[in-house]
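Hi,

Here is the structure I promised to pass on. Have a look at it first, then read my notes below.

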Amino acid sequence: MNDRTGLRQLGTGFLVGLGLVDGILGATIAYGTFEAQQAGPLRDGIARTGASILGGVGPSITHLWALIWLPAFCGTLALLPILLAYLVRQQAAPPGRYWWRASVAGIGFGLAACAATGFFTPIFLTLSAFPWQDTEGLRWLVVLLVGPTLFAITYAVVLPRLYVVTIIATGIAFGLFNAMLVRWRLATPLNVGGRDRRSADR
């Protein structure tokens with residue numbers, strides 16, 4: 001079974017709804033993790049770095065929608081089809097193995113989401129500074145073209161070291177949550193186009 005076939009079994013409506021829920025959940029996890037550090041030196045360090053390198057991000061980091069919410073939301077959506085396709089492929093495994101693999105996949109998803117969030121961060125920070133002034137246009141263009149790759153690598157290396165416990169805990173919960181919904185959806189008689197999935201497969 002290829003990934004497209006596996007995702008098609010879940011149905012478009014289910015995928016859209018789950019994507020929105022997971023996207024919001026991913027953004028909330030990222031925001032909650034960030035807020036847990038707001039009184040520590042990490043928040044101040046991020047603020048100073050953002051203000052000095054990217055510009056337009058004050059010491060209080062008021063651009064949370066561009067720095068955390070939307071990057072984490074889009075990063076979650078970008079990776080979600082891979083996780084769901086994997087969970088669909090694991091349906092034939094015994095229950096114990098299925099849930100174990102879902103937990104491990106959730107942790108892997110959390111690690112990958114760090115890089116994905118980093119990829120989208122400079123994009124939304126650049127958009128938040130629009131309209132650009134003529135003197136800053138070149139800088140923002142460089143950030144938009146080069147920033148996603150640099151931020152993705154940086155986030156992938158730094159964030160897991162800082163938040164390893166959080167990534168493991170939320171990753172397991174995220175994987176099990178999606179595994180539960182996938183298993184429930186595949187066990188639902190009505191699926192594609194309102195027809196019985198078993199009849200549609202014939």
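Let's start with helix 5 and a quick sanity check. This helix has 34 residues, and at 1.5 Å a residue it should span 50 Å; the C-alpha atoms at its ends are 46 Å apart, which agrees. Helix 5 isn't perfectly straight, though: there is a bend of about 25° at T121, and a proline, P122, follows within four residues. Bear in mind as you go that this is a predicted model.

Now zoom out. How many helices and strands does the protein have? Eight helices and zero strands, so to speak an α-α-α-α-α-α-α-α run from the N terminus on. Of its 202 residues, 41% count as buried. If you take the contacts with a separation of 6 or more, 77% of them are between residues 24 or more positions apart.

Next, the inside. In soluble globular proteins, nonpolar side chains tend to be buried together. Here the largest nonpolar core has 22 residues, and the ones touching the most other members are L10, L83, L84, L87, F109 and V182. Helix 1 (3-10), helix 2, helix 4 (64-89), helix 5 (95-128) and helix 7 (164-186) each give two or more residues to this core. Helix 4 gives the most, with seven residues. Click on L87 for a good example: leaving aside neighbours within four places in sequence, L87 is in contact with Y98, A102, G175, N178, A179 and V182. There is also a second, separate core of five residues, which includes F34, L67, I68 and L125.

Two residues in helix 2 deserve a closer look. Is G23, which sits in helix 2 (residues 12-35), buried or exposed? Its relative accessibility is 0%, and buried means under 20%, so G23 counts as buried. G23 and G75 are 52 residues apart along the chain, yet their C-alpha atoms are separated by 8.1 Å. Setting aside neighbours within four places in sequence, G23 is in contact with F73, T76 and L77.

The other one is D22, also in helix 2. D22 is buried but has no salt bridge. Where is the nearest side chain of opposite charge? That is R185, 13 Å away. Beyond neighbours within four places in sequence, D22 is in contact with T76, L80, F174, F177 and N178. Notice that T76 turns up in the contacts of G23 and of D22.

Have fun exploring!

Technical notes: Residues numbered from 1 in each chain as written. Predicted model: local features only at pLDDT ≥ 70, side-chain atom pairs only at ≥ 80, totals over all residues. Heavy atoms only, no water. Buried < 20%, exposed > 50% of the residue type's maximum accessible area, 1.4 Å probe, protein only. Contact = heavy atoms within 4.5 Å. Core = buried A, V, L, I, M, F, W, Y, C linked by side-chain atoms within 4.5 Å. Expected span 1.5 Å × (residues − 1). Bend = angle between axes of the 7 residues up to and from the residue. Lys, Arg positive; Asp, Glu negative; His and termini not counted. Salt bridge = Lys/Arg side-chain N within 4 Å of Asp/Glu carboxyl O.
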